[in-house]
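I'm opening a fresh notebook page for this structure. Come along while I look things up one at a time.

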Amino acid sequence: MLARKYRPNDFGELIGQETLVKTFKNSLNNGRLAHAFLLTGIRGVGKTTTARIVAKALNCVGDGNIKEPTFDICNQCSPCKSINKGNFLDVIEVDAASRTGVDGIREIIDAVMYSPNDGRCKVYIIDEVHMLSNAAFNALLKTLEEPPENVKFIFATTEIRKIPATIISRCQRFDLQRVDIKTLSTHLEKISKLQNILFENDAIYQICKASEGSVRDALSLLDQAASLCHDNIKDQEVLNMLGLNGYENNIKLIEFCLLNNCTEALKIYDELLSNGIQPIQLINNLLEVCHYASKINIIKVDESLSESFQKKIYDISQYGLPKLVRLWQVLIKGVEELRYAPSESQTGSMIIIKLCFASSLPDPSDL
């Protein structure tokens, strides 16, 4: 699996997290490391990977001459190799989802007082830390505030709002960013070339867009696409795989609504529904097109979009911001209507009719 094969092994291989890398570089070089870190962000951006890299930085001995934590990880010494394999005694990974209570935390608290077995530092990596109970968090407070000098805690979570403020205040917090499409595309193209996978640029763009900034999701989709296309990834195959085949019909539908051509708009709506697209998904697609068109109307060029897609969106943006904003408001209201509607398909067609009607109304400035 590509996501495991190309997992970063040092700070230099982390992509899209420049602030985090710079902070750790300065902290390690200046000997000003905190005793606890809290890593938060969406799935697949590198929380657990970063935690393991920090564990290596704390324990790397290089050729035997490195006596302090280092930013330049060698990945060749015994601690580095053991951490990569997941069998280093002084790096303890805990899944909080399976150990939510006080008893699991009490084991950690009792073990903290013992010196490291083989390494320089004992590192506790607690994944999905938001799953701990309030009692478990409270039991951890004192140890977290004043741990022994050679003990570090690294917490990872996707739900930062569920972490008590008392825990957050005792940690150095890092918000890992979603990786932008341009950076992610470059990364996937590089891996594709290393794996001798041929690809079309729009296919890579669609994979990155579908991953929503998650590197792991993007690599999993790339793996899936490579298997589907026999290492020759085609645009159309990827669109089919992602369920986006016929996405251009959403753009046509918006255009007919903007032209107040209700007959053609309803034809496309019925066609999309007969192809298996749910009304709520269709409205969400129209919201996305409306958002991109409004954005292009203001900034003119969006580098995160492919050229072919950007050209189609640009044509929609020329209908003007007032009309696009009005359509956006109808669509947002439509999402709420669909939630409580007895018939989603009928409600969806009424939303399309309202879109056509709204586009024919004069602008407030004209009135």
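**Entry 1: charged pairs**

I began with Arg43 and Asp217, whose side chains meet in a salt bridge, at 2.8 Å from N to O. A reminder to myself: I am reading a predicted model. Next I looked up where the two partners sit. Arg43 is in the loop between strand E1 (36-40) and helix H3 (47-59), and Asp217 is in helix H10 (residues 215-228), so this pair ties together parts that are 174 residues apart in sequence.

I also checked how open the two residues are. Arg43 has a relative accessible area of 32%, so I noted it as partly exposed. Asp217 is partly exposed too, with a relative accessible area of 22%.

Which residues are joined into one network by salt bridges that share partners? I found Arg43, Glu212 and Asp217 there. I'll come back to Glu212 further down, as its backbone caught my eye.

My next pair was Glu93 and Arg52, a salt bridge whose closest N and O atoms are 2.8 Å apart. Glu93 belongs to strand E2 (residues 91-95) and Arg52 to helix H3, so the pair ties together parts that are 41 residues apart in sequence. I read a relative accessible area of 39% for Glu93, which is partly exposed. Arg52, at 25% relative accessibility, also counts as partly exposed.

Then I turned to Glu146 and Lys142, where the salt bridge spans 3.8 Å from N to O. Both of these residues are exposed: Glu146 is, and so is Lys142.

How many salt bridges are there by this rule? I wrote down 12. A general note for the margin: side chains of opposite charge can pair when their charged atoms come close.

**Entry 2: aromatic rings**

I searched the whole structure for aromatic pairs and got seven. One of them is Phe24 with Phe37: the ring centres are 5.2 Å apart and the planes stand at 50°, so I call the pair tilted. Phe24 is in helix H2 (residues 18-30) and Phe37 in strand E1, so the pair ties together parts that are 13 residues apart in sequence. Are these two rings' residues buried or exposed? Phe24 is buried, and Phe37 is as well.

Tyr124 and Phe153 came next. Their ring centres are 5.5 Å apart and their planes are at 20°, so this pair is stacked. Tyr124 lies in strand E3 (residues 122-127) and Phe153 in strand E4 (residues 151-157), so the two rings tie together parts that are 29 residues apart in sequence. Tyr124 counts as buried at 3% relative accessibility, and Phe153 counts as buried at 0%.

I also traced a cluster linked by ring pairs, and its members are Phe11, Phe24, Phe37, Phe71 and Phe174.

**Entry 3: the nonpolar cores**

Now for the inside. The largest nonpolar core has 59 residues, and the ones that touch the most other members are Leu222, Leu253, Leu286 and Leu355. Which helix gives the largest share of this core? I found helix H14 (residues 279-299), with nine residues.

I picked Leu253 for a closer look. Leaving aside neighbours within four places in sequence, Leu253 is in contact with Ala265, Ile268, Leu272, Leu282, Leu286 and Ile352. Apart from this core lies another one, of 31 residues, including Leu14, Phe37, Val45 and Val91. I had already met Phe37 in the ring cluster.

**Entry 4: helix H9 and two positive phi values**

I checked helix H9 (201-211) and found it mostly covered, with eight of its 11 residues buried. Among the buried residues of H9 are Ala203, Tyr205, Gln206, Cys208 and Lys209.

What happens just after H9? Glu212 takes a positive phi of about 55° there, although Glu212 is not a glycine. I placed Glu212 in the loop between H9 and H10. At 48% relative accessibility, Glu212 counts as partly exposed.

Asn196 gave me another positive phi, near 60°, again in a residue other than glycine. Asn196 sits in the loop between helix H8 (181-194) and strand E6 (198-199). With a relative accessible area of 64%, Asn196 is exposed. I jotted down the background: most residues other than glycine have a negative phi.

Definitions and conventions:
Residues are numbered from 1 along each chain as its sequence is written. This is a predicted model: local features need pLDDT of at least 70, side-chain atom pairs count only at pLDDT 80 or more; totals for chains, interfaces and linings use all residues. Side-chain values use heavy atoms; hydrogens and water are left out. A nonpolar core is a set of buried Ala, Val, Leu, Ile, Met, Phe, Trp, Tyr and Cys residues joined through side-chain atoms within 4.5 Å. Buried means under 20% relative accessible area, exposed over 50%, partly exposed in between (1.4 Å probe, protein chains only). Helices (H or I, at least four residues) and strands (E, at least two) are DSSP runs, numbered from the N terminus. Contact means heavy atoms within 4.5 Å. A salt bridge is a side-chain nitrogen of Lys or Arg within 4 Å of a carboxyl oxygen of Asp or Glu. Rings of Phe, Tyr and Trp (its six-membered ring) pair if their centres lie within 6.5 Å; planes under 30 degrees apart count as stacked, over 60 as edge-to-face and the rest as tilted.
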